[in-house]
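Let's take a friendly walk through a protein model together. Have the picture open as you read, and try to find each part as it comes up.

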Amino acid sequence: FMVLICLAAPLFMASLPAWLLQPILTYKYVQPIMRVLTRPLIAFVIYNLTFTLWHIPPIFRVFLYSELWHGALYISVFATTCLALFPVMSPLPEVFPKLAVGKRLGYLLAMLIAHFPLAGVVAFYPRPLYPFYQPQVFGLTRLLDQYSGSAIMAVSLLLTVLTGIAITFVQWLANTEDASHQPDTKHPDPTPEPVVDDPVPT
């Protein structure tokens, strides 16, 4: 889960060339759908709903014992994470614009906070939420594996969001510095008119 969300999807979005996506995402039947799906609120809800649903124990059990649903889990998590990243990492900003810097920072913080309820339930539930799952590493008990999974989720998301905030701030700082060095064409410095001496009468 967390490798897809915190590493694979951001790197994938950062490496996508615009020339490759433009003919696909600007196709007349695709662009209107993508414009709706990449709206910050809609992308936010789709991603968090998908992430939460896959953690519901009965649904978790289905994907655990079915290769088909196991694949559907990872595809859906990866796809919805990429969708949720569009407002901050759009590879086609002229078609699907990024949020302004302030809103981008708020969006990233909201993405982090939205995981707290699920992480809290997994971390503080007194019994194993997934009793059908047997940990395969380090001889962990089900409950200890559940607690460690919650800690990994929280820390990896925190580091990812902080990295995104740092990158956004550095980009904003660089853009501000570049703008400050550009000449002000809207309000040019007034050029004094040349003084012309009165003609001497002859």
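## Two rings on the inside

Let's begin with a word we will use often: a residue is called buried when its relative accessible area is under 20%, and exposed when that area is over 50%. Both Phe44 and Tyr107 are buried. Please keep in mind that what you are looking at is a predicted model.

These two residues also form an aromatic pair of the edge-to-face kind, with 6.3 Å from centre to centre and 65° between the planes. Phe44 sits in helix H4 and Tyr107 in helix H7, so their pairing ties together parts that are 63 residues apart in sequence.

## The whole chain

Now step back and take in the overall fold. The chain has nine helices and zero strands, so every element is an α in the run from the N terminus, α-α-α-α-α-α-α-α-α. Of its 202 residues, 31% count as buried.

How much of the contact in the chain, counted at a separation of 6 or more, comes from residues 24 or more positions apart? Such residues account for 67% of those contacts.

## The nonpolar core

Next, look inside. The largest nonpolar core has 41 residues. Those with the most contacts inside this core are Met2, Ile5, Leu25, Phe51, Phe96, Tyr107 and Leu157. Two or more residues each come from helices H1, H2, H4, H5, H6, H7, H8 and H9. Which helix gives the most? That is H6, with eight residues.

Tyr107 is a good residue to zoom in on. Leaving out residues up to four places away in sequence, Tyr107 touches Pro40, Ala43, Phe44, Ala84, Pro87, Val88 and Leu99.

## More aromatic pairs

A search of the whole structure finds 10 aromatic pairs. You have already met Phe44 with Tyr107. In another, the rings of Phe86 and Phe96 have centres 5.9 Å apart and planes at 85°; planes over 60 degrees apart count as edge-to-face, so this pair belongs to that kind. Phe86 is in helix H6, while Phe96 is in the loop between H6 and H7, 10 residues apart.

Are these two rings buried or exposed? Phe86 has a relative accessible area of 8%, so it is buried. Phe96 also counts as buried, because its relative accessibility is 4%. Elsewhere, ring pairs join Trp54, Phe60, Phe63, Trp69 and Tyr130 into a cluster.

## How H6 meets H1 and H4

Helices can pass each other at various angles, and H6 gives us two examples to explore. The axes of H1 and H6 come within 9 Å and cross at roughly 55°, so these helices are oblique to each other. Their crossing is right-handed. On the H1 side the contact includes Leu4, Ile5, Ala8 and Ala9, and on the H6 side it includes Tyr74, Val77, Phe78 and Thr81.

With H4, the axes come within 8 Å and cross at roughly 155°. An angle over 145 degrees counts as roughly antiparallel, so that is the term for H4 and H6. H4 passes H6 in a left-handed crossing. Here Pro40, Ala43, Ile46, Tyr47 and Thr50 in H4 meet Ser76, Thr80, Thr81, Leu83, Ala84 and Pro87 in H6.

Take a moment to find Thr81, which is in helix H6. Thr81 is buried, because its relative accessible area is 4%. Apart from neighbours within four places in sequence, Thr81 is in contact with Ile5, Ala9 and Tyr47.

## H4 beside H7

Let's return to the helices of our opening pair. H4 and H7 pack at an angle of about 20°, with their axes 11 Å apart, which makes H4 roughly parallel to H7. H4 passes H7 in a right-handed crossing. Pro40, Ala43, Phe44, Tyr47 and Asn48 of H4 make the contact with Tyr107, Ala110 and Met111 of H7.

## A last stop in a loop

Finally, find Arg127, in the loop between H8 and H9. Which residues does Arg127 touch, not counting those up to four places away in sequence? They are Leu143 and Gln146. Arg127 and Gln146 are 19 residues apart in sequence, and their C-alpha atoms are 9.3 Å apart in space.

Note on methods. Residues numbered from 1 in each chain as written. Predicted model: local features only at pLDDT ≥ 70, side-chain atom pairs only at ≥ 80, totals over all residues. Heavy atoms only, no water. Core = buried A, V, L, I, M, F, W, Y, C linked by side-chain atoms within 4.5 Å. Buried < 20%, exposed > 50% of the residue type's maximum accessible area, 1.4 Å probe, protein only. Helix = DSSP H or I, 4+ residues; strand = E, 2+ residues; numbered from the N terminus. Contact = heavy atoms within 4.5 Å. Phe/Tyr/Trp six-rings, centres within 6.5 Å; stacked < 30°, edge-to-face > 60°. Axes fitted to C-alpha atoms, helices over the stretch in contact; angles between N-to-C directions. Parallel < 35°, antiparallel > 145°, perpendicular 65-115°, else oblique. Left-handed = near helix turned anticlockwise from the far one by under 90°.
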